[in-house]
Amino acid sequence: FYGPKIDFQVKDALGRMWQLATIQLDFQMPGRLEATYEGPDGQKHTPVMIHRAILGSVERFMGVLIEHYAGRFPLWLAPEQVRVLTISDKSAAWGEDAAKLLKNAGIRAHLDSRNETLNKKIREAELEKAPYICVVGEKEAAEKSVNVRSRDGKQSTMTLTTFISTVQEQIAKKQ
């Protein structure tokens, strides 16, 4: 027999309700486990167990979260925050340095220096919903800058230091 319980219902992006968190009293399990404690009267008593599932099943929670954001996680939650793309072998060294500096700054960055067309690399990064795409070519390597494309379509060139500061501020603000 379970006692009273509290369920927390969450509505997903499609309007469906999901039970995620639960807190519930259990009067049976402590007896089956032969759990006891000594009360103020010196006698042994059977406790009441409290079950809790903060996120429900982790799988269900992740499914609701992925559907809610349609895979476009906010920057602070995205598994990959920045994708660095090199244009050619001539900019590969700066691409590696940029990715390393981003990672050292605590930003989840990945380097794509494959011998593919830039358009293909950009398209793949967009399909994989990378919040930021940094394109580096010879010009950016010479200036120690990055050409930044955000998911909302904005594009600009800035120094890597400025970009790192911008991303860190957005992460701190949970944007």
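Start by selecting F8, which sits in strand β1, the stretch covering residues 2-11. Keep in mind as you go that this is a predicted model. Is F8 buried or exposed? Neither label fits: F8 is partly exposed, with a relative accessible area of 43%, and the range for that class lies between under 20% for buried and over 50% for exposed.

Now add I6, I23 and I50 to your selection. Together with F8, these residues make a nonpolar surface patch of about 380 Å². Show the surface and colour these four to see the patch.

**Next stop: the largest pocket**

Select Y132, S150, R151, D152 and Q170. These are the lining residues that lie nearest the centre of the largest pocket. How many residues line the largest pocket? The lining has 16 residues, and the space inside comes to about 300 Å³. If you wonder how such a space is found, rolling a probe the size of a water molecule over the atoms shows where empty space is left.

Which elements should you colour here? Try β9 (145-150), β10 (155-159) and α6 (160-172), since each of them supplies at least two residues of the lining. You can also colour the lining by class: six residues are nonpolar, six are polar and four are charged.

**Salt bridges**

Time to look at charged side chains. The count of salt bridges comes to seven, and we'll visit some of them.

First, pick E128 and R83. Their side chains meet in a salt bridge, at 2.4 Å from N to O. What does this pair link? It ties together distant parts of the chain, 45 residues apart: E128 is in the loop between α4 (118-127) and β8 (132-136), while R83 is in strand β6, residues 82-86. The two ends have different labels because E128 has a relative accessible area of 51%, which makes it exposed, whereas R83 at 7% counts as buried. The cut-offs at work are over 50% for exposed and under 20% for buried.

Before you leave, add E80 to the selection. E80, R83 and E128 are linked in a network of salt bridges.

Next, select E124 and R114. This is another salt bridge, with N to O at 2.4 Å. The pair is ten residues apart and links distant parts of the chain, with E124 in helix α4 and R114 in the loop between β7 (109-112) and α4. Both ends are partly exposed: E124 has a relative accessible area of 22%, and R114 has 36%.

While you are in this region of the sequence, choose E116 and K120. How far apart are the closest N and O atoms of this salt bridge? They are 3.7 Å apart. E116 counts as partly exposed at 31% relative accessibility, and K120 is partly exposed too, with a relative accessible area of 36%.

**Two distances to draw**

Keep K120 selected and add P74. Draw a line between their C-alpha atoms: the separation is 24 Å, for two residues that are 46 apart along the chain. P74 is in the loop between α2 (58-69) and β6. At 15% relative accessibility, P74 counts as buried, because buried means under 20%.

For the second line, select I107 and P79. Their C-alpha atoms are separated by 9.9 Å, and the two residues are 28 apart along the chain. I107 lies in the loop between α3 (92-104) and β7, and with a relative accessible area of 3% it is buried.

**Last stop: two backbone angles**

Most residues other than glycine have a negative phi. Now select A70. What is its phi? The value is positive, about 50°, although A70 is not a glycine. You'll find A70 in the loop between α2 and β6, where it counts as exposed at 51% relative accessibility.

Finish with K144, in the loop between α5 (138-143) and β9. Here too phi is positive in a residue other than glycine, near 55°. K144 is partly exposed, with a relative accessible area of 46%.

Technical notes
Residues are numbered from 1 along each chain as its sequence is written. This is a predicted model: local features need pLDDT of at least 70, side-chain atom pairs count only at pLDDT 80 or more; totals for chains, interfaces and linings use all residues. Side-chain values use heavy atoms; hydrogens and water are left out. Patches are made of residues with over 30% relative accessible area and no salt bridge: like charges are joined within 9 Å, nonpolar side chains (Val, Leu, Ile, Met, Phe, Trp, Tyr) within 5 Å. Accessible areas come from the Shrake-Rupley method with a 1.4 Å probe; for residues, only the protein chains shown count as cover. Helices (H or I, at least four residues) and strands (E, at least two) are DSSP runs, numbered from the N terminus. Buried means under 20% relative accessible area, exposed over 50%, partly exposed in between (1.4 Å probe, protein chains only). On a 1 Å grid over the protein atoms alone, a cavity is a set of points where a 1.4 Å probe fits but cannot get out, and a pocket is an open set with protein on both sides within 12 Å along at least five of seven lines; lining residues have an atom within 4 Å of a point. Grid points are joined across faces, edges and corners, and a volume is the space filled by probe spheres set on the points. Ala, Val, Leu, Ile, Met, Phe, Trp, Tyr, Cys and Pro count as nonpolar, Asp, Glu, Lys and Arg as charged, and the others, Gly among them, as polar.
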